[in-house]
Amino acid sequence: MPKSTLVTALWLLFVCLALVFLALAAEVVTTTMPAGEDPVQVFGRFSAVIFGMFSSIFSLLALSFSLNTRTGRSLTLASIAASALLLMLTALLVVAGTPAVPVDLLAVAAACMMVLRALGVVILPPRGDRSGLIEAGCSLTLAVVTAAFWWTFEPATAPGAAAAALLLSWPHLIDGINAFADKIFHRAALAAGARDLTPGAFTRIARARDIVIDKTAVMSGPDLMVTNVMAFNNEPKTLLAVAASAEAQSDHPVALALRQLASQWHVSVKRPDRFEPTPGLGVVALLGGQTVVIGTTDLLQKLKIDSFTADAIARSLEADGKTVLRVAVGGRVVGVLGLEGTLRQDAGVAGMALRSEGLTPWLHSGDSRKTREALAGMLGLEVLTDPKPGETAPEAAKRQFGPDVPLVLTLSGDRSTLELRDCAADDIREGAPLPSPIAVSNTDDIGAFPALKALATRRSFLAVHARRLLTGLWALGGICGATALLPLAAAPVLFSLCLGILWAYARISAAGTLHKQAVA
């Protein structure tokens, strides 16, 4: 039997057993004894407590097969604690000699709470929108106030009213309020070009206010082209031969571009005697007994090589958005190389679309500040602070934004997809693997991410209205239970009504989303 089928079968078994014991507990409460017969002799003093306890245990076992994430754990633990409290309170009141029939309603409420939670977690898998602990605390407060009020004026009504107030106001479904809608919006996201969305993707995207875009995500390909070979004292071919030979053992896009141009110019390329790459800065090689350095100003300053003349020439190239590398031989700068890639045609449009959806896009690049500012100006993006050598986009985002790390859009390692990552601050450590992407698109579908933001915002907006409606219903149900206007048996009816409302909410979301896509 497949594992998923076995899990479903076990879940159904435990839920069925929980329902059977819930029915037995309710039977103890509702059965009318013949005249002159003591209910204790027929059922036993702790029958309702025992049946309620078994129902709760089997519901908990069912939950163990459906709750595999942290998202719904808070409300589930609160439900377990409330159920255990009701069972213990029932046992204490029975031992104290309180009349059995009204007290047993607390045990029935405990079992019913656990059964409804087990059903709710499976029907509406919890999402990360709201834990429900605040609402659960309000429900417990209402139950305590109800019990205190009725115990003062009519003690026999207190257990039933408190149990009804707690169960009818308990937020069984609040952490899964978007489960129906997520299916609809997931299909809309697929139509927009996104795929592989994680369960909490819409929630995280809706809350985001900034997005860091790696330079590789806005380039049409990995290929760079050498556009400028500016030698100070030698022929450009000599400078190219030195640079291409120094990079002969590298597979970096810069090295590939240099070797490609050397082939076009028919320049011979030699293998260096020593090759030392410096991530984010450049390379240091030993060629013909001389040290050759190719890299940024930071690398030359680190090696105490004067680059004043090269920096002056580089500024005009960087203003055009080009990557500029200095070439030094024997401790002296001998020339400048200018390289550039091809931007995606839709990159600028995507940047504007992200802004229109409420996201501030930031550009991450290892280039000089002048180059980054020029690229950002072309694309309509903001510029991050100066990156550290070899720093990745998520690491730069964490350093600049602190605990409020924004979304990060990067190119996958095999350069086949664009990946949107939710890089929480605690998940980004130097040398540690990046967290899995929350959404993916093809490299030619960068516009899928503004569409995702629009979908997530709409989903969040509609979820607020659905949550307010359900919270109002739970509050009304709790008040009706506290005033003895609604019995405990109304809890399953209210649970079903809430499910129906969320299903209708999902249908409304679907209609609006599909209409908006059709118009677009």
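# Notebook: strands, helices and a few odd loops

I started with strand 9, residues 360–364, and asked how many of its residues are buried. Four of the five are, so strand 9 is largely enclosed by the rest of the structure. A reminder to myself: this is a predicted model, and everything I note here was computed from it.

**Entry 1: the whole chain**

Next I stepped back for the overview. I counted 18 helices and 13 strands in the chain. Of its 520 residues, 49% count as buried. I also looked up how far along the sequence the contacts reach. Among contacts between residues at least 6 apart in sequence, 69% join residues at least 24 apart.

**Entry 2: the neighbours of strand 9**

Which strands pair with strand 9? I found strand 2, residues 210–214, which pairs with strand 9 in the parallel sense over five bridges. For a place to look on screen, I picked Ile-213, which stands opposite Leu-363 of strand 9.

I then looked at strand 10, residues 382–383. Strand 10 runs parallel to strand 9, and two bridges join them. Leu-363 turned up again here, opposite Val-383 in strand 10. I liked finding Leu-363 in both notes, facing Ile-213 and facing Val-383.

How does the chain get from strand 9 to strand 10? I traced it through helix 15, residues 369–379, and the three pieces make a right-handed β-α-β unit.

**Entry 3: the sheet around it**

I wanted the full strand order next. Seven strands form an open sheet, in the order 1-13-12-11-2-9-10, with mixed pairing. Which strands stand at the edges? They are strand 1 (194–195) and strand 10; each has a single partner strand, so one side of each is left without a neighbour in the sheet.

On the other side of strand 2 in that order I met strand 11. Strand 11, residues 407–411, pairs with strand 2 in the parallel sense over three bridges. Here I noted Val-212, whose bridge partner in strand 11 is Val-408.

Then I looked for what packs on this sheet. Helix 17 does, touching strand 1, strand 11, strand 12 (417–422) and strand 13 (439–442). Its direction makes about 145° with that of strand 13.

A general point I wrote in the margin: in a regular strand the side chains alternate between the two faces of the sheet.

**Entry 4: helix 17 and helix 7**

I stayed with helix 17, residues 448–482, and checked it against helix 7, residues 158–169. Their axes come within 7 Å and cross at roughly 175°. Angles over 145 degrees count as roughly antiparallel, and helix 7 and helix 17 are therefore roughly antiparallel to each other.

Which residues make this contact? From helix 7 I listed Ala-161, Ala-164, Ala-165, Leu-168 and Ser-169. From helix 17 I listed Trp-474, Gly-477, Gly-478, Gly-481 and Ala-482. Sorted by kind, the contact residues are six nonpolar, four polar and no charged.

**Entry 5: a second group of strands**

I moved on to strand 5 (residues 282–287) and strand 6 (residues 290–295). These two run antiparallel and are joined by six bridges. Leu-286 has Thr-291 of strand 6 as its bridge partner. Their hairpin has two residues between the strands, and Gly-288 there takes a positive phi near 60°.

Strand 6 also pairs with strand 7, residues 323–329, running antiparallel over four bridges. My example pair here is Gly-295 with Arg-326 in strand 7.

Just along the chain I stopped at Gly-330, in the loop between strand 7 and strand 8 (332–340). Is Gly-330 buried or exposed? At 52% relative accessibility, it counts as exposed. Its C-alpha atom is 6.5 Å from that of Val-292, although the two are 38 residues apart along the chain.

**Entry 6: positive phi outside glycine**

Last, I looked up two residues with a positive phi that are not glycines. Asp-196 has a phi near 55° and sits in the loop between strand 1 and helix 9 (201–207). With 51% relative accessibility, Asp-196 counts as exposed.

His-266 has a positive phi of about 60°. I found it in the loop between helix 11 (253–264) and strand 4 (274–278). At 73% relative accessibility, His-266 counts as exposed too.

Technical notes: Residues are numbered from 1 along each chain as its sequence is written. This is a predicted model: local features need pLDDT of at least 70, side-chain atom pairs count only at pLDDT 80 or more; totals for chains, interfaces and linings use all residues. Side-chain values use heavy atoms; hydrogens and water are left out. Axes are lines fitted to C-alpha atoms, for helices over the stretch in contact, and angles run from 0 to 180 degrees between N-to-C directions. Angles under 35 degrees count as roughly parallel, over 145 as roughly antiparallel, 65 to 115 as roughly perpendicular and the rest as oblique. Contact means heavy atoms within 4.5 Å. Ala, Val, Leu, Ile, Met, Phe, Trp, Tyr, Cys and Pro count as nonpolar, Asp, Glu, Lys and Arg as charged, and the others, Gly among them, as polar. Buried means under 20% relative accessible area, exposed over 50%, partly exposed in between (1.4 Å probe, protein chains only). Two strands pair if DSSP finds at least two bridges between them. A crossover is right-handed if, with the strands pointing away from the viewer, the path from the first strand over the helix to the second runs clockwise.
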